[in-house]
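Thanks for coming. I will go through one structure today, a piece at a time, and I will put a few questions along the way.

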Amino acid sequence: MRATLLYAADDVRVEDVADPKIQNPTDAVVRIVLSCICGSDLWPYKSLPHTDTPRHMGHEFLGVVEETGSEVATLRRGDVVVAPFVYADNTCVYCREGLQTSCVHGGTWGVDGVDGGQGQAARVPYADGTLVTLPVGEDSELLPDLLTLSDILCTGFHAARTAGVQRGDTVTVVGDGAVGLAGVISAKLLGAERIILMGRHTARTDLGRAFGATDVVAERGEEGVARVRELTGGEGTRRVLECVGLKDALAQSFGVVRAGGTISRVGAPQFTDVPFGFPDFMRNITLTGGVAPARAYIEELMPHVLDGSIRPGRVFDRTVGLEEVADGYRAMNDREALKVLVRP
(Lines give C-alpha, C1' and ligand atoms only; values in the text may rest on other atoms or scores of the structure.)
Protein backbone atom coordinates (compact mmCIF):
# COMPACT_ATOMS: atom_id res chain seq x y z
CA MET A 1 0.00 0.00 0.00
CA ARG A 2 0.95 3.68 -0.16
CA ALA A 3 1.69 5.64 2.99
CA THR A 4 3.16 8.96 4.10
CA LEU A 5 6.71 8.87 5.46
CA LEU A 6 8.76 11.66 6.99
CA TYR A 7 12.50 11.35 6.38
CA ALA A 8 13.62 14.76 7.62
CA ALA A 9 12.40 18.29 8.05
CA ASP A 10 10.62 19.34 4.83
CA ASP A 11 11.06 15.83 3.40
CA VAL A 12 7.65 14.13 3.24
CA ARG A 13 7.26 11.27 0.78
CA VAL A 14 4.50 8.88 -0.21
CA GLU A 15 5.97 5.44 -0.77
CA ASP A 16 5.08 1.77 -0.94
CA VAL A 17 5.05 0.00 2.41
CA ALA A 18 3.91 -3.43 3.52
CA ASP A 19 0.17 -4.03 3.50
CA PRO A 20 -1.25 -4.21 7.04
CA LYS A 21 -2.10 -7.68 8.28
CA ILE A 22 -3.66 -9.10 11.41
CA GLN A 23 -0.80 -9.77 13.83
CA ASN A 24 -2.72 -10.28 17.05
CA PRO A 25 -6.22 -11.64 17.65
CA THR A 26 -7.37 -8.23 18.92
CA ASP A 27 -6.33 -6.42 15.71
CA ALA A 28 -8.43 -5.08 12.88
CA VAL A 29 -7.40 -3.84 9.45
CA VAL A 30 -9.10 -0.63 8.34
CA ARG A 31 -9.20 0.75 4.82
CA ILE A 32 -8.76 4.48 5.28
CA VAL A 33 -11.39 6.68 3.66
CA LEU A 34 -10.38 10.03 5.12
CA SER A 35 -7.42 11.32 7.08
CA CYS A 36 -5.88 14.72 7.62
CA ILE A 37 -2.80 16.66 8.61
CA CYS A 38 -2.61 17.89 12.18
CA GLY A 39 -0.92 21.03 13.43
CA SER A 40 1.18 18.79 15.67
CA ASP A 41 2.47 17.02 12.54
CA LEU A 42 4.13 20.30 11.60
CA TRP A 43 6.52 20.22 14.55
CA PRO A 44 8.49 17.17 13.29
CA TYR A 45 7.94 18.41 9.73
CA LYS A 46 9.93 21.51 10.67
CA SER A 47 12.54 19.92 12.89
CA LEU A 48 13.13 16.18 12.34
CA PRO A 49 16.80 15.32 11.71
CA HIS A 50 17.45 13.11 8.70
CA THR A 51 16.77 9.43 9.33
CA ASP A 52 17.02 6.25 7.30
CA THR A 53 14.07 4.81 9.23
CA PRO A 54 11.33 7.28 8.31
CA ARG A 55 8.43 8.05 10.56
CA HIS A 56 4.98 6.88 9.42
CA MET A 57 2.78 9.96 9.62
CA GLY A 58 -0.81 10.62 10.60
CA HIS A 59 -2.93 9.98 13.69
CA GLU A 60 -6.41 11.10 12.57
CA PHE A 61 -8.40 8.79 10.32
CA LEU A 62 -11.66 7.06 9.67
CA GLY A 63 -12.43 4.23 7.35
CA VAL A 64 -14.01 0.84 6.77
CA VAL A 65 -13.18 -2.39 8.61
CA GLU A 66 -11.75 -4.90 6.15
CA GLU A 67 -10.65 -7.70 8.47
CA THR A 68 -10.80 -8.55 12.17
CA GLY A 69 -8.81 -10.80 14.47
CA SER A 70 -10.37 -13.82 16.11
CA GLU A 71 -10.96 -12.05 19.45
CA VAL A 72 -12.57 -8.90 18.04
CA ALA A 73 -16.18 -8.99 19.21
CA THR A 74 -17.80 -5.62 18.48
CA LEU A 75 -16.73 -4.94 14.89
CA ARG A 76 -17.62 -6.50 11.58
CA ARG A 77 -16.28 -6.23 8.07
CA GLY A 78 -17.88 -3.20 6.42
CA ASP A 79 -18.32 -1.14 9.58
CA VAL A 80 -17.45 2.54 9.17
CA VAL A 81 -15.25 3.54 12.10
CA VAL A 82 -13.27 6.46 13.48
CA ALA A 83 -9.96 6.04 15.28
CA PRO A 84 -8.90 8.33 18.13
CA PHE A 85 -5.35 9.63 17.94
CA VAL A 86 -3.94 6.93 20.20
CA TYR A 87 -4.96 3.30 20.36
CA ALA A 88 -6.07 1.77 23.67
CA ASP A 89 -7.68 -1.36 25.04
CA ASN A 90 -10.38 0.76 26.78
CA THR A 91 -10.43 -1.69 29.70
CA CYS A 92 -7.34 -0.97 31.81
CA VAL A 93 -7.46 1.06 35.02
CA TYR A 94 -6.63 4.32 33.22
CA CYS A 95 -9.07 3.71 30.38
CA ARG A 96 -11.85 3.10 32.89
CA GLU A 97 -11.06 6.53 34.34
CA GLY A 98 -11.40 8.11 30.90
CA LEU A 99 -7.64 8.46 30.45
CA GLN A 100 -7.10 6.30 27.39
CA THR A 101 -3.97 8.29 26.53
CA SER A 102 -2.31 6.50 29.47
CA CYS A 103 -3.55 3.02 28.59
CA VAL A 104 -1.09 0.42 29.85
CA HIS A 105 -1.38 -1.46 26.53
CA GLY A 106 -1.91 1.53 24.26
CA GLY A 107 0.37 3.46 22.00
CA THR A 108 0.86 5.95 19.23
CA TRP A 109 0.15 5.59 15.53
CA GLY A 110 3.14 5.37 13.23
CA VAL A 111 5.71 3.93 15.67
CA ASP A 112 6.76 0.51 16.93
CA GLY A 113 5.47 -1.28 13.85
CA VAL A 114 2.01 0.34 13.93
CA ASP A 115 0.78 2.05 10.77
CA GLY A 116 0.20 5.78 10.55
CA GLY A 117 -3.10 7.34 9.59
CA GLN A 118 -1.96 9.04 6.37
CA GLY A 119 -2.03 5.98 4.16
CA GLN A 120 -4.35 3.64 2.37
CA ALA A 121 -4.93 1.30 5.30
CA ALA A 122 -3.88 0.66 8.87
CA ARG A 123 -3.63 -2.20 11.33
CA VAL A 124 -5.47 -1.16 14.49
CA PRO A 125 -4.34 -2.78 17.76
CA TYR A 126 -7.00 -3.44 20.41
CA ALA A 127 -9.66 -2.72 17.82
CA ASP A 128 -12.63 -3.26 20.17
CA GLY A 129 -11.28 -0.64 22.55
CA THR A 130 -9.91 1.78 20.01
CA LEU A 131 -12.40 2.07 17.18
CA VAL A 132 -15.83 3.67 17.40
CA THR A 133 -18.48 2.67 14.89
CA LEU A 134 -20.10 5.49 12.95
CA PRO A 135 -23.80 5.17 12.01
CA VAL A 136 -23.24 6.45 8.47
CA GLY A 137 -22.08 5.10 5.15
CA GLU A 138 -18.63 5.69 3.73
CA ASP A 139 -20.11 8.19 1.26
CA SER A 140 -21.80 10.32 3.93
CA GLU A 141 -21.35 14.08 3.62
CA LEU A 142 -20.78 14.13 7.39
CA LEU A 143 -17.48 12.26 7.20
CA PRO A 144 -15.28 15.40 7.40
CA ASP A 145 -17.20 16.50 10.51
CA LEU A 146 -16.95 13.03 12.03
CA LEU A 147 -13.22 12.88 11.30
CA THR A 148 -12.69 15.73 13.78
CA LEU A 149 -13.72 13.29 16.53
CA SER A 150 -10.36 11.58 16.07
CA ASP A 151 -8.51 14.56 17.53
CA ILE A 152 -9.25 18.25 17.20
CA LEU A 153 -12.87 18.40 18.33
CA CYS A 154 -12.11 16.20 21.33
CA THR A 155 -8.98 18.23 22.08
CA GLY A 156 -10.95 21.48 22.06
CA PHE A 157 -13.59 19.84 24.23
CA HIS A 158 -10.91 18.59 26.64
CA ALA A 159 -9.70 22.17 27.00
CA ALA A 160 -13.18 23.46 27.76
CA ARG A 161 -14.07 20.57 30.09
CA THR A 162 -10.85 20.69 32.13
CA ALA A 163 -11.07 24.49 32.34
CA GLY A 164 -14.46 23.97 33.95
CA VAL A 165 -16.52 25.92 31.42
CA GLN A 166 -20.10 26.26 32.65
CA ARG A 167 -23.29 27.88 31.46
CA GLY A 168 -23.01 31.65 31.54
CA ASP A 169 -19.20 31.76 31.65
CA THR A 170 -16.95 34.16 29.81
CA VAL A 171 -14.10 32.27 28.12
CA THR A 172 -10.95 33.30 26.30
CA VAL A 173 -9.61 30.99 23.58
CA VAL A 174 -5.95 31.63 22.73
CA GLY A 175 -5.20 30.53 19.17
CA ASP A 176 -7.19 30.52 15.93
CA GLY A 177 -5.93 27.20 14.59
CA ALA A 178 -8.15 24.16 14.19
CA VAL A 179 -7.92 23.23 17.88
CA GLY A 180 -8.68 26.79 18.97
CA LEU A 181 -11.73 26.84 16.74
CA ALA A 182 -12.79 23.50 18.20
CA GLY A 183 -12.35 25.11 21.61
CA VAL A 184 -14.83 27.80 20.58
CA ILE A 185 -17.33 25.13 19.49
CA SER A 186 -16.82 23.27 22.76
CA ALA A 187 -17.11 26.31 25.01
CA LYS A 188 -20.40 27.12 23.34
CA LEU A 189 -21.62 23.53 23.73
CA LEU A 190 -20.93 23.77 27.45
CA GLY A 191 -22.95 26.95 27.71
CA ALA A 192 -20.43 29.80 27.64
CA GLU A 193 -22.22 33.10 27.22
CA ARG A 194 -19.26 35.08 25.93
CA ILE A 195 -16.28 33.68 24.01
CA ILE A 196 -13.27 35.87 23.24
CA LEU A 197 -11.12 34.42 20.46
CA MET A 198 -7.52 35.63 20.30
CA GLY A 199 -6.24 35.31 16.74
CA ARG A 200 -5.08 37.51 13.90
CA HIS A 201 -5.98 35.53 10.77
CA THR A 202 -9.26 37.01 9.55
CA ALA A 203 -10.51 33.97 7.65
CA ARG A 204 -10.00 31.84 10.75
CA THR A 205 -11.50 34.29 13.22
CA ASP A 206 -14.48 34.77 10.91
CA LEU A 207 -15.03 31.02 11.12
CA GLY A 208 -14.60 31.31 14.87
CA ARG A 209 -17.42 33.85 14.95
CA ALA A 210 -19.58 31.42 12.98
CA PHE A 211 -18.76 28.74 15.58
CA GLY A 212 -19.81 31.00 18.47
CA ALA A 213 -17.06 33.50 19.29
CA THR A 214 -18.63 36.78 20.43
CA ASP A 215 -15.43 38.86 20.35
CA VAL A 216 -12.15 38.68 18.44
CA VAL A 217 -8.87 40.11 19.71
CA ALA A 218 -6.21 40.34 17.01
CA GLU A 219 -3.54 41.92 19.20
CA ARG A 220 -0.86 39.78 20.81
CA GLY A 221 1.29 40.04 23.92
CA GLU A 222 0.72 42.95 26.27
CA GLU A 223 -1.57 44.68 23.77
CA GLY A 224 -3.72 41.57 23.50
CA VAL A 225 -3.87 41.17 27.27
CA ALA A 226 -4.87 44.82 27.65
CA ARG A 227 -7.62 44.41 25.07
CA VAL A 228 -9.13 41.35 26.77
CA ARG A 229 -9.05 43.11 30.12
CA GLU A 230 -10.73 46.11 28.54
CA LEU A 231 -13.49 43.85 27.24
CA THR A 232 -13.97 42.29 30.69
CA GLY A 233 -14.02 45.34 32.91
CA GLY A 234 -10.36 44.95 33.87
CA GLU A 235 -10.72 41.46 35.34
CA GLY A 236 -9.91 39.02 32.57
CA THR A 237 -11.86 35.78 32.13
CA ARG A 238 -12.42 32.94 34.55
CA ARG A 239 -11.71 30.27 31.89
CA VAL A 240 -8.85 30.36 29.37
CA LEU A 241 -8.19 27.70 26.71
CA GLU A 242 -4.57 27.72 25.47
CA CYS A 243 -4.65 26.00 22.09
CA VAL A 244 -1.26 26.87 20.57
CA GLY A 245 1.55 25.20 22.52
CA LEU A 246 4.08 28.05 22.46
CA LYS A 247 5.47 29.72 25.56
CA ASP A 248 4.23 33.15 24.46
CA ALA A 249 0.70 31.79 24.18
CA LEU A 250 0.82 30.45 27.72
CA ALA A 251 2.23 33.73 29.00
CA GLN A 252 -0.64 35.50 27.24
CA SER A 253 -3.06 33.11 28.90
CA PHE A 254 -1.73 34.03 32.34
CA GLY A 255 -2.21 37.66 31.37
CA VAL A 256 -5.89 37.32 30.49
CA VAL A 257 -7.06 34.93 33.22
CA ARG A 258 -8.80 36.52 36.20
CA ALA A 259 -7.81 35.88 39.80
CA GLY A 260 -9.09 32.48 40.86
CA GLY A 261 -9.46 31.40 37.24
CA THR A 262 -8.34 28.33 35.32
CA ILE A 263 -6.09 27.93 32.28
CA SER A 264 -6.33 24.68 30.33
CA ARG A 265 -3.38 24.12 28.01
CA VAL A 266 -3.94 21.62 25.21
CA GLY A 267 -1.58 22.96 22.56
CA ALA A 268 1.27 20.46 22.13
CA PRO A 269 3.98 22.19 24.21
CA GLN A 270 7.14 23.27 22.40
CA PHE A 271 8.88 24.36 25.61
CA THR A 272 9.70 22.93 29.03
CA ASP A 273 9.85 25.88 31.44
CA VAL A 274 6.39 27.12 32.41
CA PRO A 275 6.05 30.86 33.15
CA PHE A 276 4.15 30.33 36.41
CA GLY A 277 5.83 32.59 38.95
CA PHE A 278 4.98 33.98 42.36
CA PRO A 279 2.58 36.74 41.16
CA ASP A 280 0.32 34.20 39.42
CA PHE A 281 0.67 31.84 42.38
CA MET A 282 -0.65 34.67 44.57
CA ARG A 283 -3.67 35.04 42.27
CA ASN A 284 -4.68 31.39 42.88
CA ILE A 285 -4.55 30.48 39.20
CA THR A 286 -5.19 26.84 38.31
CA LEU A 287 -3.15 25.42 35.40
CA THR A 288 -4.56 22.22 33.93
CA GLY A 289 -5.13 20.50 30.59
CA GLY A 290 -2.84 18.06 28.85
CA VAL A 291 -3.22 15.64 25.99
CA ALA A 292 -6.88 14.92 25.26
CA PRO A 293 -8.18 11.37 25.78
CA ALA A 294 -10.25 11.60 22.62
CA ARG A 295 -11.73 8.12 23.06
CA ALA A 296 -13.43 9.32 26.25
CA TYR A 297 -15.35 12.05 24.44
CA ILE A 298 -16.33 10.57 21.07
CA GLU A 299 -19.71 9.15 22.07
CA GLU A 300 -20.60 12.35 23.93
CA LEU A 301 -19.80 14.61 20.99
CA MET A 302 -20.95 12.45 18.07
CA PRO A 303 -24.70 13.20 18.44
CA HIS A 304 -24.02 16.93 18.03
CA VAL A 305 -22.26 16.17 14.74
CA LEU A 306 -24.91 13.76 13.51
CA ASP A 307 -27.77 16.17 14.13
CA GLY A 308 -25.92 19.02 12.43
CA SER A 309 -25.91 21.30 15.47
CA ILE A 310 -22.14 21.65 15.05
CA ARG A 311 -20.14 21.43 11.83
CA PRO A 312 -16.50 21.16 12.92
CA GLY A 313 -15.50 19.84 9.50
CA ARG A 314 -15.61 23.43 8.27
CA VAL A 315 -12.03 23.74 9.53
CA PHE A 316 -10.93 21.72 6.49
CA ASP A 317 -10.22 24.35 3.86
CA ARG A 318 -8.14 22.26 1.48
CA THR A 319 -8.36 18.67 0.23
CA VAL A 320 -5.52 16.68 -1.33
CA GLY A 321 -5.09 13.15 -2.58
CA LEU A 322 -2.61 10.93 -0.81
CA GLU A 323 0.01 11.42 -3.52
CA GLU A 324 -0.20 15.20 -2.97
CA VAL A 325 0.16 15.06 0.81
CA ALA A 326 3.53 16.85 0.72
CA ASP A 327 1.75 19.84 -0.82
CA GLY A 328 -0.70 19.70 2.06
CA TYR A 329 2.12 19.85 4.60
CA ARG A 330 3.68 22.80 2.79
CA ALA A 331 0.35 24.64 2.61
CA MET A 332 -0.30 24.25 6.33
CA ASN A 333 3.26 25.13 7.27
CA ASP A 334 3.11 28.28 5.13
CA ARG A 335 -0.30 29.26 6.58
CA GLU A 336 -1.95 28.85 3.19
CA ALA A 337 -4.35 26.31 4.67
CA LEU A 338 -5.96 25.96 8.08
CA LYS A 339 -6.31 22.16 8.04
CA VAL A 340 -5.84 19.79 5.14
CA LEU A 341 -8.11 16.83 4.45
CA VAL A 342 -6.47 13.81 2.81
CA ARG A 343 -8.42 11.39 0.61
CA PRO A 344 -6.33 8.26 -0.03
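**A pocket, a helix and some strands**

The second largest pocket holds about 150 Å³ of space. Keep in mind that this is a predicted model.

Which residues line this second largest pocket? From the lower numbers, they are Ile185, Lys188, Leu189, Ala210 and Phe211. From further along the chain come Gly308, Ser309, Ile310, Arg311 and Arg314. Sorted by class, the lining has five nonpolar, three charged and two polar residues. Helix H6, residues 178–189, and helix H7, residues 202–211, each give at least two residues to that lining. H6 supplies the largest share, three residues.

H6 comes up again with the next element, helix H5. H5 runs over residues 152–163, which is 12 residues. At 1.5 Å a residue it should span 16 Å, and its end C-alpha atoms are indeed 16 Å apart, so the two values agree.

Is H5 mostly enclosed or mostly open? Of its 12 residues, 10 are buried, so the rest of the structure largely encloses this helix. The buried ones begin with the run Ile152, Leu153, Cys154, Thr155, Gly156 and Phe157, and then come His158, Ala159, Ala160 and Ala163. What covers them? The cover includes helices H6 and H11, the latter at 298–306. It also includes the strands S14 (237–242), S15 (257–265), S16 (286–289) and S18 (339–343). Just after H5, Gly164 has a positive phi of about 80°.

Now a single residue, Asp145. This residue sits in helix H4, residues 143–147. Is Asp145 buried or exposed? Its relative accessible area is 2%, and the cut-off for buried is under 20%, so Asp145 counts as buried. Leaving out residues up to four places away in sequence, Asp145 touches Val305, Arg311, Pro312, Gly313 and Arg314. Arg311 and Arg314 were also named in the lining of the second largest pocket. Between the C-alpha atoms of Asp145 and His56 there are 24 Å, and along the chain the two are 89 residues apart.

His56 takes us to the strands. There is an open sheet of three strands, in the order S2-S1-S4, with antiparallel pairing. Strands S2 (11–16) and S4 (55–56) are at the edges with a single partner strand each, so one side of each has no neighbour in the sheet. S1, residues 2–8, is joined to S4 by two bridges. One residue of S4, His56, is the bridge partner of Leu5.

Before the other strands, one rule: in a regular strand, side chains alternate between the two faces of the sheet.

Take strand S9, residues 121–124. Which way do its residues point? Ala121 and Arg123 point one way, Ala122 and Val124 point the other way, and all are buried. Four bridges link S9 to strand S3, residues 28–36, and the two run antiparallel. Ala28 is opposite Val124 of S9.

Strand S6, residues 80–83, is next. Val80 and Val82 point one way, Val81 and Ala83 the other, and all of these are buried. S6 is joined antiparallel to strand S5, residues 61–68, by four bridges. It is joined antiparallel to strand S10, residues 132–133, by two bridges. Where does Val81 fit in? Gly63 stands opposite Val81, and in S10 the bridge partner of Val81 is Thr133.

That is where I will stop.

How values were computed: Residues numbered from 1 in each chain as written. Predicted model: local features only at pLDDT ≥ 70, side-chain atom pairs only at ≥ 80, totals over all residues. Heavy atoms only, no water. 1 Å grid on protein atoms, 1.4 Å probe; cavity = no way out; pocket = protein on both sides within 12 Å on 5 of 7 lines; lining within 4 Å. Points joined across faces, edges and corners; volume = space filled by probe spheres on them. Nonpolar A, V, L, I, M, F, W, Y, C, P; charged D, E, K, R; others polar. Expected span 1.5 Å × (residues − 1). Buried < 20%, exposed > 50% of the residue type's maximum accessible area, 1.4 Å probe, protein only. Contact = heavy atoms within 4.5 Å. Pairing = 2+ DSSP bridges.
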